[in-house]
Structure formats: structure tokens, C-alpha cells
Amino acid sequence: METVCGLGNRKNEYFNRILETEGVEVYESSLLLIHELLSHEIKIGVASSSANCKKVLERLDILHLFSTRVDGEVSAKLGLKGKPEPDIFTTACDNLHVSYSHAIVVEDAVSGVKAGRKGNFGFVLGIAREEMPLNCLKRCT
């Protein structure tokens with residue numbers, strides 16, 4: 001049946017098929033940063049709204065780099081609110097035993113930057129991987 005849920009399920013099927021057949025690309029600069037932080041014994045977690053987060057990290061063979069994963073699957077199990085609420089970030093910090101004021105949120109979505117600000121983290125870094133209009137960034141401040 002053509003419903004919003006049905007379309008979402010179909011999109012997820014296509015995504016998973018592409019993930020298996022074509023794989024995914026990783027930003028080399030992100031991997032370099034992760035390895036540098038780990039070399040200084042800085043705890044790293046991944047927080048994502050995606051229910052496919054674990055599959056993507058496994059496909060890239062980098063799941064082991066993260067000490068905690070709070071994603072769409074975990075959020076559903078725990079009943080966490082989605083972005084722009086900070087639940088996934090606070091839960092990741094709790095899992096890592098890191099106070100929010102000492103945590104850095106690195107985010108590539110406006111809703112995630114808003115969540116980071118709302119959670120009163122030590123630092124929120126918004127990454128624009130694609131050209132983002134300035135008025136979009138100003139809305140987050």
C-alpha cells in the first residue's frame with residue numbers, strides 16, 4: 001500500500017541494497033580525526049538518527065572505533081526523542097561516563113546542531129559537507 005510508512009520501508013530496502021552492492025564512501029578527514037583522537041585516549045561515541053548506522057559502520061569496518069553507539073535502533077528501544085532534542089547525545093555521554101560540559105558534538109545537520117546547543121555540551125561543531133546557505137546556519141545560533 002502506498003503510505004508514508006510504506007514509502008519509507010521501500011526507501012530503506014533500496015538503501016540496504018545499495019549498501020550491500022556498492023558500499024559507502026567515508027570522509028578520509030573524518031577517519032584521520034577519529035584516529036588522532038583515539039591516539040590521545042579521547043573517548044568517542046557515535047550518535048545518529050539512522051536505524052542503519054550500525055550496518056554502515058560495519059560495512060566500512062569502523063564500528064570498533066566507537067566506544068558507544070546511540071542510533072535509531074537504540075533510540076527506539078530506549079524511547080529517546082529525536083533531534084532537535086539532545087537525547088541521543090546525552091545518552092552517548094552517559095554511556096561514555098563523560099559530563100555534557102566536557103563533550104564535543106560534531107554534527108552535519110541543522111537539527112543536530114540545535115540538539116547540541118539545547119544539550120549544553122562543551123562545544124558544538126557544525127560541519128557543512130555540502131554548500132549550506134548562511135541563513136541556515138544563522139537559524140541555529
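In this predicted model, a salt bridge joins the side chains of E73 and R69, with an N to O distance of 3.8 Å. That distance qualifies because the cut-off for such a pair is 4 Å. E73 has a relative accessibility of 35% and counts as partly exposed. R69 is also partly exposed, at 22%. The value for R69 falls in this class because buried means under 20% and exposed means over 50%. Side chains of opposite charge can pair when their charged atoms come close.

The whole structure holds 4 salt bridges. One of them is formed by the side chains of K83 and E107, at 3.2 Å from N to O. This pair connects distant parts of the chain. K83 sits in the loop between α4 (72–78) and α5, while E107 belongs to strand β3. The two residues are 24 apart. Their surroundings can be compared by accessibility. K83 is partly exposed, with 22% relative accessibility. E107 is buried, at 4%, because a relative accessible area under 20% defines that class.

Another salt bridge brings together the side chains of E85 and K118, with 2.6 Å between N and O. E85 is in the loop between α4 and α5, and K118 is in helix α6 (residues 110–118), so the bridge ties together parts that lie 33 residues apart in sequence. E85 is partly exposed, with a relative accessible area of 24%. K118 is partly exposed as well, at 46%. Elsewhere, R69, D71 and E73 form one network through salt bridges that share partners.

The pocket analysis adds a second view of the fold. The largest pocket encloses about 1700 Å³ of space. Its lining comprises 43 residues, and those closest to the pocket centre are G45, V46, A47, F66 and V106. Several elements supply at least two lining residues each: α2 (28–39), β1 (45–47), α3 (53–59), α5 (87–96) and β3. Helix α2 gives the most, with 6 residues. By class, the lining of this pocket contains 29 nonpolar residues. The remainder of the lining consists of 7 polar and 7 charged residues.

Strand β3 also takes part in a surface feature. I104, V106, F123 and L125 make a nonpolar surface patch of about 380 Å². The elements that give two or more residues to this patch are β3 (104–107) and β4 (123–126). V106 therefore appears in two settings: the nonpolar patch and the group of residues closest to the centre of the largest pocket. L125 lies in strand β4. With a relative accessible area of 33%, L125 is partly exposed. L125 can join a patch because the cut-off for patch residues is over 30% relative accessible area.

Helix α5, one of the elements that line the largest pocket, contains D94. D94 is partly exposed, with a relative accessible area of 41%. The C-alpha atoms of D94 and A109 are 22 Å apart. Along the chain, D94 and A109 are separated by 15 residues.

Key: Residues numbered from 1 in each chain as written. Predicted model: local features only at pLDDT ≥ 70, side-chain atom pairs only at ≥ 80, totals over all residues. Heavy atoms only, no water. Patch = residues over 30% accessible without salt bridge, like charges linked within 9 Å, V, L, I, M, F, W, Y side chains within 5 Å. Areas by Shrake-Rupley, 256 points an atom, 1.4 Å probe, with all protein chains shown as cover. Helix = DSSP H or I, 4+ residues; strand = E, 2+ residues; numbered from the N terminus. Buried < 20%, exposed > 50% of the residue type's maximum accessible area, 1.4 Å probe, protein only. 1 Å grid on protein atoms, 1.4 Å probe; cavity = no way out; pocket = protein on both sides within 12 Å on 5 of 7 lines; lining within 4 Å. Points joined across faces, edges and corners; volume = space filled by probe spheres on them. Nonpolar A, V, L, I, M, F, W, Y, C, P; charged D, E, K, R; others polar.
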